[in-house]
Amino acid sequence: MKVKADKQKIQMTVIIGIVTLLLVSSMFIQFKTVDRSQESNLESLRSDELTTQIATYKSRYEETMEQYEENRNTILEYQSTMKENKESTDLLDKELNDTETLLGLTDVQGEGLIITLKDTDEATYTALDLLTLINELKYAGAEAISINDNRVVNLTEITAINNSFIMMNSDSRISSPYTVKVIGDKSYLMSTLNLKNSGFVDLMRVNNLEITVEESKNVIINKYSKEITAEKMKEVE
Amino acid sequence: MCGAVERAGGILHQLKLNDLSVTVKKESNIKINKFNGAITKKYMKDIKN
């Protein structure tokens, strides 16, 4: 009886061992299968993600490039506009500068004459003499004139205050000796003033007034320093 | 402006003294044509400060 019981016990142990072995084996197989399946899924998933990401990056790259081109064109347009504006500004500046020069609002230099007029014991220069001289010089093509460093401009008046003083440019008192500077063709100016008998030089000398005329390659004439106003006049539309 | 030429010793007074006829009229809107010639600067140039 005892031998039989031992035999059954051994059989049961062997069976349990085999079953356990089978179970363990199947578990290992199962684990292995799951592992492989997960790796495969992960690889598949990564590949999809990467493809999506690449597509996204490509799309973003294209958008960025479009934006870059747009910005580049805008910058080129700005640069072109700035260049055009600078050219316009330069042109306007030149026109303004030329206008100021012609109006007598800038210091100028150039060839011309320096004329000195002095009263003598016998005679004195009058405002009318100065006006005549200025008129002669303008006629001879003067581009800029000053008397005792007071610039003659288009509205300059020269009028007598009394026997000693002449007034010009509203409030500048001048008196002998008068230094008249003029810029223009010095040969033409000189020949105009020195016309035999009828020229300004001869007319003054006949009247016992002292006059000297000197040619210069570089006469410097100061600008008109007062304000030019246009209170009453306005441009006709 | 009229006062300046009409005053004693003014240009009107002097002209009348010389028996010259002159009339002066006030206007509220004088039109003056522009200068049609050319103003040149062939001989003078700016002194750059």
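**Architecture of the predicted complex of chains A and B**

Chain A falls into two domains, domain 1 (1–103) and domain 2 (107–221). Between the centres of domain 1 and domain 2 of chain A, taken over C-alpha atoms, there are 91 Å. The model described here is predicted, and the predictor assigns the complex an ipTM of 0.77 and a pTM of 0.71. For chain B, the mean pLDDT is 83, and 80% of the residues score at least 70. Confidence varies along the elements of chain B: helix 1 (residues 2–6) of chain B has the lowest mean pLDDT, 59, whereas strand 1 (residues 45–46) of chain B has the highest, 92. A word of caution is useful at this point: where pLDDT is low, the predicted coordinates should not be read in detail.

The meeting of the two chains comes next. On the chain B side, eight residues are in contact with 16 residues of chain A. The side of chain B that touches chain A is made up of four nonpolar and four charged residues, with no polar ones. Strand pairing also links the chains, as strand 1 (residues 108–118) of chain A and strand 1 of chain B run antiparallel and are joined by two bridges. Within this pairing, A:Q109 has B:K45, in strand 1 of chain B, as its bridge partner. The strand of chain B that takes part in this pairing is thus the element of chain B with the highest mean pLDDT.

Within chain A, strand 2 (residues 144–147) pairs with two other strands. Strand 2 of chain A is joined to strand 7 of chain A by four bridges, and the two run antiparallel. In this pairing A:S146 stands opposite A:K181 of strand 7 of chain A. Strand 2 of chain A also pairs with strand 3 (residues 150–152) of chain A, again in the antiparallel sense, over three bridges. Here A:I147 has A:N150, in strand 3 of chain A, as its bridge partner. Strand 2 and strand 3 of chain A form a hairpin with two residues between them, and A:N148 in the turn has a positive phi of about 45 degrees.

The burial of strand 2 of chain A deserves a closer look. In a regular strand the side chains alternate between the two faces of the sheet. Strand 2 of chain A is covered on both faces: A:A144 and A:S146 are buried on one side, and A:I145 and A:I147 are buried on the other.

A:T179 offers a further view of this region from strand 7 of chain A, where this residue is placed. From C-alpha to C-alpha, A:T179 and A:S146 are 8.0 Å apart in space, although 33 residues apart in sequence. Leaving aside neighbours within four places in sequence, A:T179 is in contact with A:I114, A:T116 and A:N148. A:T179 counts as partly exposed because 14 other C-beta atoms lie within 10 Å.

A separate open sheet in chain A is formed by three strands in the order 4-5-6, with antiparallel pairing. Strand 4 (158–160) and strand 6 of chain A are the edge strands, each pairing on one side only. From one strand to the next, the twist averages 30 degrees. Three bridges hold the antiparallel pairing of strand 4 and strand 5 of chain A, and A:A160 stands opposite A:I166 of strand 5 of chain A. Helix 2 (residues 127–139) of chain A lies across strand 4 and strand 5 of chain A, and runs at about 165 degrees to strand 4 of chain A.

Some backbone details in the loops of chain A complete the description. The peptide bond from A:S176 to A:P177 is cis, with omega near 0 degrees; A:P177 is in the loop between strand 6 (172–174) and strand 7 (178–183) of chain A. A:S170, in the loop between strand 5 (166–168) and strand 6 of chain A, has a positive phi of about 75 degrees although it is not a glycine. A:S170 is exposed because 9 other C-beta atoms lie within 10 Å. A:N197, another residue other than glycine, has a positive phi near 70 degrees and lies in the loop between helix 3 (186–193) and helix 4 (200–206) of chain A. A:N197 counts as exposed because it has 7 C-beta neighbours inside 10 Å, and the cut-off for this class is 12 or fewer.

Technical notes:
Residues are numbered from 1 along each chain as its sequence is written. Chains are lettered from A and ligands numbered from 1 in the order in which they are written. pLDDT is the predictor's confidence in each residue, from 0 to 100. Two residues are in contact if their C-beta atoms, placed from the backbone, lie within 7 Å. Ala, Val, Leu, Ile, Met, Phe, Trp, Tyr, Cys and Pro count as nonpolar, Asp, Glu, Lys and Arg as charged, and the others, Gly among them, as polar. Two strands pair if DSSP finds at least two bridges between them. A residue is buried if 20 or more other C-beta atoms lie within 10 Å of its own, exposed if 12 or fewer, and partly exposed in between; C-beta atoms are placed from the backbone. Axes are lines fitted to C-alpha atoms, for helices over the stretch in contact, and angles run from 0 to 180 degrees between N-to-C directions. Domain bounds come from an automatic or database domain assignment.
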